[in-house]
Amino acid sequence: MEIDVADATSLPEWMQGHVAGGKLNLAAIPAPEDVTGLKSALQKERENTQAYSKFGRPDEIEAKIADLTEKAKGTGKGAEEAQAKLDAMEAKYTGEIQARDDRIGKMMQRNASAEMKAELAKAGFIAEAIDDIASTAMARLQFNEDGTPKVMTSDGKPMIGSGADHGATLADLAKELAEAKPYAVRDLGKGGGGKPAGSQGGTPKQKWSEMTSAAKVALHRSDPKEYERLKAAG
């Protein structure tokens, strides 16, 4: 579906790249990320906090642990019971902390994935390729203690870019990927010749089995006959 747009600059920046010939291609705009899971996870964390509050304030719980630790240093049944309680508490809270960290990690991954897809769309990637490219790009991300993504180079070093302390942003990563994968960008990259980047006389260097799904999508859009020929040739 396309709608007329008299002035593309009146649209949000991330939508402007989808305007061509005075028309906005709504079909090319990725669907918004479903954040229902994030809301549920946050609610679960609030419930966990409320559940722990019945054991007292953090300083009170710390005092109870210190008391049990002191008792466990003795001998006899009282010391054994105190140690057993400490062991049970350690096992219980170690498991719960790990589960919490896992939930937080998944939330950070989902949030970063949604932001990465938005940046890929702004960089001009075709809608059909965004999911695959974003999935691959996630391997280039680590996370700071505050949950913000940290972009790494392909060999695992911090990437230099336009962000704080000269670190790369997701936008920087999207720009790099657009330059590296022009076949998945609208208008097939800067060449604009109607053939996927890496082509020679209409014959891609890669075989069908070597092409990524995004490259296949781009080839189908630009040259359906060549797409069918390569697909048949395997």
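Residues are called exposed when their relative accessible area is over 50% and buried when it is under 20%, with partly exposed residues in between. These terms are applied here to a predicted model. At 78% relative accessibility, Asp 165 therefore falls in the exposed class. This residue is part of the loop that runs between strand 5 and helix 6, and the phi angle of Asp 165 is near 55°, a positive value in a residue other than glycine.

His 166 is likewise placed in the loop between strand 5 and helix 6. Its phi angle is near 65°, again positive in a residue that is not glycine. His 166 has a relative accessible area of 59% and so counts as exposed. Gly 156 is also located in the loop between strand 5 and helix 6. With a relative accessible area of 46%, Gly 156 is classed as partly exposed, because exposure requires a value over 50%. The C-alpha atom of Gly 156 is 9.3 Å from that of Leu 141, although 15 residues separate the two in sequence.

The protein as a whole contains eight helices and seven strands. Of its 234 residues, 27% are buried. Among the contacts between residues at least 6 apart in sequence, 44% join residues at least 24 apart.

The loop described above leads to helix 6, and the packing of this helix was examined next. Helix 6 spans residues 170-180, helix 4 spans residues 77-122, and the axes of the two come within 9 Å, crossing at roughly 50°. The two helices are therefore oblique to each other, an angle of this kind being neither under 35 degrees, as for roughly parallel axes, nor within the 65 to 115 degrees of roughly perpendicular ones. The crossing of helix 4 and helix 6 is right-handed. On the helix 4 side, the contact is made by Ala 112, Glu 115, Met 116, Glu 119 and Leu 120. These meet Leu 170, Ala 171, Leu 173, Ala 174 and Leu 177 of helix 6. By class, the residues of this contact comprise eight nonpolar and two charged, with no polar residue.

Burial within helix 6 was considered separately. The buried residues of helix 6 are Leu 170, Asp 172, Leu 173, Ala 174, Leu 177 and Ala 178. Helix 4 is one of the elements that cover them. The cover also includes helix 5 (127-137), together with strand 4 (141-143) and strand 5 (149-151).

Elsewhere in the chain, three strands form an open sheet in the order 1-3-2, and their pairing is antiparallel. Strand 1 (2-4) and strand 2 (19-20) occupy the edges; each has a single partner strand, so one side of each lacks a neighbour in the sheet. Strand 2 and strand 3 (residues 23-25) run antiparallel and are joined by two bridges. Within this pair, Val 19 is positioned opposite Leu 24 of strand 3.

Leu 24, a residue of strand 3, has a relative accessibility of 2% and is therefore counted as buried. The C-alpha atoms of Leu 24 and Leu 11 are separated by 9.9 Å, the two residues being 13 apart along the chain.

Notes: Residues are numbered from 1 along each chain as its sequence is written. This is a predicted model: local features need pLDDT of at least 70, side-chain atom pairs count only at pLDDT 80 or more; totals for chains, interfaces and linings use all residues. Side-chain values use heavy atoms; hydrogens and water are left out. Axes are lines fitted to C-alpha atoms, for helices over the stretch in contact, and angles run from 0 to 180 degrees between N-to-C directions. Helices (H or I, at least four residues) and strands (E, at least two) are DSSP runs, numbered from the N terminus. Angles under 35 degrees count as roughly parallel, over 145 as roughly antiparallel, 65 to 115 as roughly perpendicular and the rest as oblique. A crossing is left-handed if the near helix is turned anticlockwise from the far one by less than a right angle, and right-handed if clockwise. Contact means heavy atoms within 4.5 Å. Ala, Val, Leu, Ile, Met, Phe, Trp, Tyr, Cys and Pro count as nonpolar, Asp, Glu, Lys and Arg as charged, and the others, Gly among them, as polar. Buried means under 20% relative accessible area, exposed over 50%, partly exposed in between (1.4 Å probe, protein chains only). Two strands pair if DSSP finds at least two bridges between them.
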